[in-house]
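Reader: I have a chain in front of me and want to learn how to read it. Can we take it feature by feature?

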Amino acid sequence: MKDNYGREISYLRVSVTERCNLNCIYCGKDNCAKKDRELSADEIFLLVRAFADCGIKKVRVTGGEPLVRNDICEIISKIRSVDKIEKISLTTNGVYLKKYAFSLAAAGLDSVNISLDSTDGSTYRHLTGSDVLEKVMNGIDEAEKAGLTPIKINAVLMKGVNSDGAGELINLAKSRKIDVRFIELMPFSDTGEDKSMIVTGNEILSEFPFLKKPVTVEGTAEYYTAEGFTGRVGLINPISRKFCKNCNRVRLLSDGKAKPCLGSEDLFDLMPYINDREKLADRVKSVIQSKPQGHHFEKKAPSHGLNKTGG
Ligand code: SAM
C-alpha cells in the first residue's frame, strides 16, 4: 500500500534479536543488549503475514546478529510460507555463516548481505572487538557455494579507522561476483555522531576514479562498474544524498514493535493484536501511514542503536 507521501511500501526489515556476537564501535548505544523476550518463529510468521496483507513483498531479516538465534532456519522457513512474500534476504556479520549457509538456503533464504569493514585482521579486531575475520571470509565462500546470491558486502568507512582499506575491500568485487557497498556512517553511537569521520560517496568516487558510470540505482544503492571487475561497487549515501523520497521500507523490532522509519522515535506495539488478523492488519496500516517524509539525522541522532532497530 501507499503511505501518506505516495510511496509504495513493499519492504519489511525484521530484526529477530538485539543480541550480537560482535561489538562494533559504530553500531549502537546499547550495544549487544540481551533481551528478556524475543518474538518466536510463530509470532514472526503472524506479524510478517499481516505486513504481507498490507502489500509487503520483500523481507530482510536482520538484528542484532540474526545468526545468534538457534531457530534462525525455522524463522526463515516460516517467513517463506507467507503467501505474497517474494524475496527473503538476511544481513549478517558472517561469523556463523559457514555453519548455516546451506541450511538457510534450504529453508528458503534467497540472498545474504555480509558486513565487513576491513580485510585487515587488526583493524577488523579494533572495529568489532573480535578476532574472527577468517571465519567471516570462510562464511562468504560458503554463502557463495550455497547459492545465497547476489552476495553483497556492506562496509562502513571511517576516517582514521579503516578508510585506508577501501581499495582492498573494492578488490573483493574484482574477481568474484560480489557487490561491495559502502554505507555512509550514520549517527548511531558516539563514533557515529562524529561527523568528521564520515567518508562520503563522493570522496570514494574521487579516490577511485576507475569506478565508471553509468550508475544503476537499486533500492538505496547506486552501483558503479569498473573495467575488468566481475562484481560492482555500490554507494549508499543516507547522509550526503538522502534517499527518503524513494524509501519503500518499514521495520519490525525483535519485541513486536514496528518502526515506520529508521530515524523516527515512534514505536507501534503490534503484540496486543497478534491473534486478530484483521485488527493486526489495521495496526500495520497505521504504521505505514505514519511514515515520516524523511529522517533528520543531520539535526538529531536517533535514541536507539542500530542493534535494536535492525540495520
Ligand atoms: N549483525 C548484522 C550485521 O552485522 O550485518 C546485522 C545488523 S547490523 C546493525 C546491520 C548493518 O548496519 C551493518 O552492515 C552495519 O555496518 C550497519 N551499521 C551499523 N551501525 C552503523 C552506522 N552507525 N552507520 C552506518 N551503518 C551502520
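Author: Start with charge. The chain carries 47 positive and 42 negative side chains, and the centres of the two sets lie 3 Å apart. Lys and Arg count as positive, Asp and Glu as negative, while His and the chain ends are not counted. Each charge is placed at NZ of Lys, CZ of Arg, CG of Asp or CD of Glu.

Reader: What kind of model is this?

Author: This is a predicted model, where local features need pLDDT of at least 70, side-chain atom pairs count only at pLDDT 80 or more, and totals for chains, interfaces and linings use all residues. Residues are numbered from 1 along each chain as its sequence is written, and side-chain values use heavy atoms, with hydrogens and water left out.

Reader: Why does a radius of gyration of 18 Å agree with a compact globule?

Author: The rule is 2.2 Å times the number of residues to the power 0.38, with the radius taken over C-alpha atoms. For 311 residues that gives a value near 19 Å, so the chain's 18 Å agrees. The C-alpha atoms fill a box of roughly 55 × 40 × 35 Å along the principal axes.

Reader: How many helices and strands are there?

Author: Helices (H or I, at least four residues) and strands (E, at least two) are DSSP runs, numbered from the N terminus. The chain has nine helices and twelve strands.

Reader: In what order do the strands form the sheet?

Author: Strands of a sheet pair through backbone hydrogen bonds, either parallel or antiparallel. Here two strands pair if DSSP finds at least two bridges between them. The twelve strands form an open, mixed sheet in the order E7-E8-E9-E6-E5-E4-E3-E2-E1-E10-E11-E12. Its edges are E7 (212–218) and E12 (268–269), each pairing on one side only. Inspect E6 (residues 178–183) and E9 (residues 233–236): they pair in the parallel sense over four bridges. Val180 stands opposite Val233 in E9.

Reader: Is Ile178 buried or exposed?

Author: Buried means under 20% relative accessible area, exposed over 50%, partly exposed in between (1.4 Å probe, protein chains only). Ile178 lies in strand E6 and has 1%, so it is buried. Of the 311 residues, 55% count as buried.

Reader: Which residues does Ile178 contact?

Author: Contact means heavy atoms within 4.5 Å. Leaving aside neighbours within four places in sequence, Ile178 contacts several residues, including Ile140, Leu172 and Arg232.

Reader: What about Thr123 in helix H4?

Author: Thr123 is buried too, at 16% relative accessible area. Not counting residues up to four places away, Thr123 touches Ser118, Val161 and Asn162.
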